[in-house]
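Reader: I would like to be taken through this model one feature at a time. Please give the idea behind each reading, then the case at hand.

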Amino acid sequence: MGVDVDEQLMHIGGQWVPAASGETLEVITPTDRNVVIATTPRAGAEDADRAVKAARAAYPGWAALSFTERQRALLRIADSLEEHVEELATLTALDTGNAIRTQARPEALNLVACFRYFAGVAGEVKGTVLPTADGQLQYTRRQPLGVVAGILPWNSPLMIAGFKVPGALAAGNTMVLKAAEDAPLTILELARICAEHLPPGVLNVVTGYGAEIGEALVVHPDVDKVSFTGSTLVGHQVAAKAGARLAHSSLELGGKSPCIVDADSCTDEVVEQVLLASRFARQSQSCTTGSRLFLHEEIHDDFLAKLVARTEQLVVGDPRDETSDIGCIINAKQWDRVQGYIDDGLAQEGVGVAYDGRPALQVGPPGFYHAPMILTQVSNDWRIAREEIFGPVLAVIPWKEQEEVVAMANDSHYGLAAFVFSQGLDRALSMAHQIDSGWVQVNQGGGQMVGQSYGGMKTSGIGRELSLEGMLEGFTQIKQVNVKLG
């Protein structure tokens, strides 16, 4: 397939190594369930200990560098990543099933931007001098936490690595990065590129099951911080186990994000933005998917007709093909999960089917392809409106009064993202301010950029990433120093 990905090894302490057990896992491309594109080490507790020891050994030297030296290393990495964007994009499409034009290439470019951004703010890891009486010098120092374990999901591994790795390294930490077992290949390629510019042990990458190597990192006594992105269910377990030993942790978890369209916003432009918010182009395998679409009753039918007409134009196809808008679901388990939610939604009394793209699919097995589904007249208390599906299923709910739709938007244990479309800016901002989500987009379906704090409220997580604030709060701690003079 044009990519040499066979018999991969892990990167620990500057060396490429197998698992201590010698066991491996097969990596299957979502484009063809019968094709093994690589094997990766099945790491366990012994490998976690080896990686953490390598990171700990590298930590004093890396932390002691001036920020300008760490900055230069991150900028060199950014340059190298930029040279390999097309290779990373192609590998992402093969590894994750994300379409190369709509997702895989933007993900690789975002990784470059993240390294450049955190290189740029590396000098902001600084303390303050406090005003005192004569004879005293009182100041604070921001210092790195130490060894950070980063645990990645399979949906957008390069993008999420960009949220974690450059910020942690810029602040002076060293890392052990755990790649998702279903999509590890781009992260191993990231390790190869970074290894050319970092001292051994500063960035280590391990592979294997979350319940084995992932848990071993979470409970390891010499891991100072766990940065986890994944499901809320697993996030609870990570927080409990890291918290049991009082380790730092940050969690970016699931979402069931509301997307509200006001009566004045039945336009083609808003339809495009709602389509972007739906994340259909990512198979809706995104924590920020605007999966609950609240349409004002005055424009409900007209807007829905426009949305369906536009959705019908989306091409589900091989993620490596530039003409594909939508790629593949990651694996059989997730494909079956999505279908299960659809079956449950269709079984509800009164449900309507505005669009079901499955009969028109031109692709299918052996790939895990799934067309978008738009269900209407959904009640906010149905499973498809309350649980994260992580697949291209949009639940449409009518509304009339602002107070009513804000209440429905907030009637969720999730609080990651939200989208509000209204031509009245006062009304739009009023809703945006009342919705309990960590990330709110007004009159746009995307809008996220490097430097903006990213994270959730409620069970969508704790902590922030992708920003200066996220780096300072998530990867440093404050030391107060008081000096008696004279």
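**Reading the model**

Author: The UniProt record, an unreviewed entry, places the feature "domain: Aldehyde dehydrogenase" at residues 16-481. The model itself is predicted. Over residues 16-481 the chain is 40% helix and 19% strand, and the C-alpha atoms at the two ends lie 41 Å apart.

Reader: How many helices and strands does the protein have?

Author: The count for the protein is 15 helices and 20 strands.

Reader: What does the radius of gyration say about the protein?

Author: The value is set against the one expected of a compact globule with 486 residues, which is near 23 Å. The protein has 23 Å, so the two agree. As for extent, the C-alpha trace spans about 75 × 60 × 40 Å along its principal axes.

Reader: What share of the residues is buried?

Author: Buried here means under 20% relative accessible area. Of the 486 residues, 56% count as buried. The accessible surface comes to about 18800 Å², and carbon and sulfur atoms hold 51% of that surface.

Reader: What share of the contacts joins residues 24 or more positions apart?

Author: The reading starts from contacts with a separation of 6 or more. Residues 24 or more positions apart account for 74% of those contacts in the protein.

Reader: How far apart are the mean positions of the positive and negative charges?

Author: Each set of charges is reduced to its mean position. For the 38 positive and 59 negative charges of the protein, these mean positions are 8 Å apart.

Reader: Which residue does UniProt list for "active site", and is that residue buried or exposed?

Author: An annotation gives a position, and the model then supplies the surroundings. The unreviewed UniProt entry lists E252 for "active site". E252 belongs to strand 11, which covers residues 248-252. Its relative accessibility is 4%, so E252 counts as buried, the cut-off being under 20%.

Reader: Which residues is E252 in contact with, once its neighbours within four places in sequence are left aside?

Author: Setting those neighbours aside shows what the fold brings to the residue. E252 is in contact with I160, F228, T229, G230, C287, L416, Y454 and S460.

Reader: Where does backbone geometry call for a second look?

Author: Two kinds of entry are worth reading here: cis peptide bonds and positive phi angles. A cis peptide bond, with omega of about 15°, joins P365 and P366. P366 sits in the loop between strand 14 (352-356) and strand 15 (373-376).

Reader: Which residues have a positive phi although they are not glycines?

Author: Q283 has a positive phi of about 60°, and K458 has one of about 50°; neither is a glycine. Q283 is in the loop between helix 9 (268-278) and strand 13 (292-296). K458 is in the loop between strand 18 (439-442) and strand 19 (461-462).

Reader: Are Q283 and K458 buried or exposed?

Author: Each is read from its own relative accessible area. Q283 has 0% and is therefore buried. K458 has 38% and is therefore partly exposed.

Reader: How should one read a pair of residues that are separated in sequence?

Author: Two numbers are set side by side: the separation along the chain and the C-alpha distance. G474 and L145 are 329 residues apart in sequence, with 8.8 Å between their C-alpha atoms. G474 is in helix 15 (residues 468-475) and is buried, at 12% relative accessible area. Not counting residues up to four places away in sequence, G474 touches L145, K225 and E469.

Reader: Where is A122 found, and what does it contact?

Author: A122 lies in the loop between helix 4 (100-120) and strand 5 (129-130). It is buried, with a relative accessible area of 2%. Beyond its neighbours within four places in sequence, A122 is in contact with F67, Q71 and A170. A122 and E69 are 53 residues apart along the chain, and their C-alpha atoms are separated by 9.8 Å.

Reader: Is A244 buried or exposed?

Author: Exposed means over 50% relative accessible area. A244 has 68% and is therefore exposed. A244 is found in helix 8 (residues 232-244). Its C-alpha atom is 8.6 Å from that of V219, and the two residues are 25 apart in sequence.

Terms used: Residues are numbered from 1 along each chain as its sequence is written. This is a predicted model: local features need pLDDT of at least 70, side-chain atom pairs count only at pLDDT 80 or more; totals for chains, interfaces and linings use all residues. Side-chain values use heavy atoms; hydrogens and water are left out. UniProt positions are given in the numbering used here, feature names are shortened, and annotations may be inferred rather than shown by experiment. Helices (H or I, at least four residues) and strands (E, at least two) are DSSP runs, numbered from the N terminus. Buried means under 20% relative accessible area, exposed over 50%, partly exposed in between (1.4 Å probe, protein chains only). Contact means heavy atoms within 4.5 Å. The radius of gyration is taken over C-alpha atoms; the globule rule is 2.2 Å times the number of residues to the power 0.38. Accessible areas come from the Shrake-Rupley method with a 1.4 Å probe; for residues, only the protein chains shown count as cover. Lys and Arg count as positive and Asp and Glu as negative; His and the chain ends are not counted. The place of a charge is taken as NZ of Lys, CZ of Arg, CG of Asp or CD of Glu.
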